[in-house]
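Biologist: I am new to this structure. Please pick one part, look at it closely, and then place it in its surroundings.

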Amino acid sequence: MSLFLQTNSKNHSEQSNKFLQSESEEEFDFVALKNESEDKHTAFYYHKWTNFIVWGVLADFGILANRYGSMSKHRLNLHSIIMGLCVLPTVIAEILMIAIWNPPEFYGNLNLSSIHAPIGFTYLGLMILQSTGGVILKLCIESNNPQKYTKIMSIGHIYLGYSMYFLGKIQCGFGFYEVYSNVQGKGQGNLIMFWIVYGVLFFWRIIFEWLYQNGKLFEYFYSATQTSEKTGSIQDSLFVQYLIQNDQLNIEKEYNNKMWFIFNNSIVDLTGFVHPGGQYIWEKTKGREISRFIYGGQSLEDGNSRAYTHSDKVITLIQRQTIGYLNGISIEDSTQQYINKWILINQQTISEKISLFGFKNTSKQIESQLTSLHQFGKYYQIKSSVNKKISVRQYTSVVSMAPENVQYRQKLINLIQVLNQIKSEDIEQINQQPRYLNELPLIIKKYESNIGFSQYIHTHKGEEYEIEGPYGPSLGLPNKGRVAIICGGTGILPFLDLLDFQLQSSIYQIVKKKLGQKMAEKLNPFECQFSNGLHITLIIAVADKSELIGQEIFKSLITLQNQLEEQSFKMILKIKEQIEGFTCVNERFDHSFMRQQLGQLSQYDKFYVCGPPVMNQTVPITLINLGVQEKNIHYV
Ligand SMILES: Cc1cc2nc3c(=O)[nH]c(=O)nc-3n(C[C@H](O)[C@H](O)[C@H](O)COP(=O)(O)OP(=O)(O)OC[C@H]3O[C@@H](n4cnc5c(N)ncnc54)[C@H](O)[C@@H]3O)c2cc1C
């Protein structure tokens, strides 16, 4: 091939030199070229300018469309179209060059002539490979099933794409250098123009991205549209109303095609958006609270993906898709700067790795008691005010574990001892539960991690933290019926307030039966909806006794069961040792265990699962295999 190139280059060197020379001086003389090689020169002219426009300019737009439309609806299509517009003309140009066989002369530089074609052909091959890979990757991403190789393909596509991109830019640079360094006449030897064009070609996107990354352009683009985005359409408002008033199960039926999520307190609609990691992620998280996934605290339960901390831009994009708020209050209203700064004033060790933390904010009060079943399951979002590198994390509301409530519960437990021969004086003696707590209580287990929040807070008492909330949907508990909670370790925390409520409710029922409603109401100063017909089966796994948080609540509930008209609680504890007063087992949570402990699974309205990653992955599969419908399984 190189032999042919060289021979050919000698034959046509004069005309071709004239061609390049004329063009660079912008005095292109078509008449002179029309003699014998008009087609050849036209093909070369097309090849040269196509490559310049496509790989010098258009490819950058293709990359920008992909990178900065990371969550946009049309990202993949736009990227594919632009890259297709790069590939197609390049391929046509190559074919024309081959068909007419018109190797460029490079001003007699035979070395360049001989490497130009092989590079061109390699590039053509890579382009075909990259385009095919791109189409397959698009299909993987758009598929609703997890694709094992999406991540590897995506990385391959990015690296090959960037290699080709740089090769293309260098090729363009060489081409220009050749032209400008061989200019004859007036502009001879003037390379300034070359460096300007090359600099713009190479650096415009980098400058653009720098401004964008710095936030200046980003703010400019998004602040303009922010207010109009938040209003939402009439359909959105109807949907939000429906969502607030109805149970999640009905919503999924009615709005099957809507990709809606709960992000903190916002209801966001991402229908039609493409997730860079694959559309199946939408399917897995649809209708769920997603802040844990967005801030990288948790990975999907399917075990295919790892936790990923999304950028601030993605968070802004998600917020821009807000169509309503869970409690009708926007995040901005509820998290004004002056009210969300809390000082960590107390740390009380529960076990080697678990502590109760108490936060103080003089301008905010925390109610000591949740009053209805619809309020349980909320969480607070917390970050360090001092160290911005520390991850943002969610921690569940555990008002029942605040010192004031622990004290009050102790009085109720004392009352249980005398329930058999209870008198009105026993009730009168109990001081009322306080209306508000002194501190916001959170229970946090320490995990080993460099920038992890749980590790940080265990050694940073006295510091300021930014806390928002309570956020998130409630547990969606039915007013009556049966629910099963299957949890492990600190996975019990989202249910502690509920179980404390169930304990108070049980005592209320017994006192009402023995001493009448009026006396029972003395134990209910905040008008809690205690008369519920809910039965809770708790299956909990802990490594040892010290991890069993809320022991006194469970024990009291178990003790009370034989005095209740309708039983309200059953508990199975998976632990290696035996603890008095509890039904202890040490078996795996497999099919036979579930069948044996839960009995007929169809009698349960809902199953709540909250544990370490392995438990969240395996328990739902076991339940589904036993005939439980997926929609009845609630990941907490
Ligand atoms: C809604 C919600 C409420 C939560 N409430 C509480 C709470 O009340 N108390 C509490 O302690 N935690 C709670 N968590 C978990 C908490 O948000 C963090 O995920 C946890 O503290 C670890 O965060 P990190 O930044 O310290 O560690 P990361 O850097 O996120 O993780 C460090 C290591 O710990 C592992 N890890 C993280 N979480 C678990 C887990 N649950 N089981 C096993 N390994 C794990 C990770 O895989 C990783 O290897 C809650 C999570 C959510 C989504």
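Modeller: What follows is a close look at an annotated site, then at the strands and helices of the rest of the chain.

This is a predicted model: local features need pLDDT of at least 70, side-chain atom pairs count only at pLDDT 80 or more, and totals for chains, interfaces and linings use all residues. Residues are numbered from 1 along each chain as its sequence is written.

Start with the annotation. An unreviewed UniProt entry places a "binding site" at Ile443, Lys445 and Ser454. UniProt positions are given in the numbering used here, feature names are shortened, and annotations may be inferred rather than shown by experiment.

Two of these residues share an element. Ile443 is in strand β10, residues 440-445. Lys445 lies in strand β10 too. Strands (E, at least two residues) and helices (H or I, at least four) are DSSP runs, numbered from the N terminus.

Is Ile443 buried or exposed? Ile443 is buried, because 20 other C-beta atoms lie within 10 Å. Lys445 has 18 C-beta neighbours inside 10 Å, so Lys445 counts as partly exposed. The cut-offs are these: 20 or more other C-beta atoms within 10 Å of a residue's own make it buried, 12 or fewer make it exposed, and anything in between is partly exposed, with C-beta atoms placed from the backbone.

Now the contacts. Two residues are in contact if their C-beta atoms, placed from the backbone, lie within 7 Å. Neighbours within four places in sequence are left aside for both residues. Ile443 then touches Ile350, Ile354, Leu356, Val398, Met401, Leu493 and Ile549. Lys445 is in contact with Lys353, Ile354, Ser454 and Thr490. Ile354 is on the list for Ile443 and on the list for Lys445. Ser454, a contact of Lys445, is itself one of the annotated positions.

Next, the strand beside β10. Strand β5 (residues 354-360) pairs with β10 in the antiparallel sense, over six bridges. Two strands pair if DSSP finds at least two bridges between them. One pair of partners is Gly358 and Pro441, the latter in β10. β5 is mostly covered: five of its seven residues are buried.

β5 has a further partner. Strand β4, residues 341-349, pairs with β5 in the antiparallel sense, and six bridges join them. Here Leu344 stands opposite Phe359 in β5. The two strands form a hairpin, with four residues between them.

Elsewhere, three strands build an open antiparallel sheet in the order β1-β2-β3. Its edge strands are β1 (260-263) and β3 (322-325), and each pairs on one side only. The twist averages 30 degrees from one strand to the next. β1 and β2 (residues 266-269) run antiparallel and are joined by four bridges. Ile262 has Ile267 in β2 as its bridge partner.

A six-strand sheet is parallel instead. Its order is β15-β14-β13-β12-β16-β17, and the sheet is open. The edges are β15 (584-585) and β17 (633-635), each pairing on one side only. Inside it, nine bridges join β12 (residues 480-488) to β13 (residues 533-541). Lys480 is matched with Gly533 in β13.

Now a helix pair. Two packed helices are described by the angle between their axes and the distance between the axes. For α18 (residues 493-515) and α20 (residues 551-560), the axes come within 10 Å and cross at roughly 35 degrees. Axes are lines fitted to C-alpha atoms, for helices over the stretch in contact, and angles run from 0 to 180 degrees between N-to-C directions. α18 contributes Leu496, Leu499, Asp500, Gln502, Leu503, Ser506 and Ile510, while α20 contributes Ile553, Phe554, Ser556, Leu557 and Leu560. Leu493, the opening residue of α18, is one of the contacts of Ile443.

The same unreviewed source marks a "transmembrane region" at residues 52-69, 81-101, 121-141, 162-180 and 192-212. Residues 121-141 are 100% helix and 0% strand, with end C-alpha atoms 30 Å apart. Residues 162-180 are also 100% helix and 0% strand, and there the ends are 27 Å apart.

Last, the whole chain. Its secondary structure comes to 22 helices and 17 strands. Buried residues make up 30% of the 636 residues. Among contacts between residues at least 6 apart in sequence, 75% join residues at least 24 apart.
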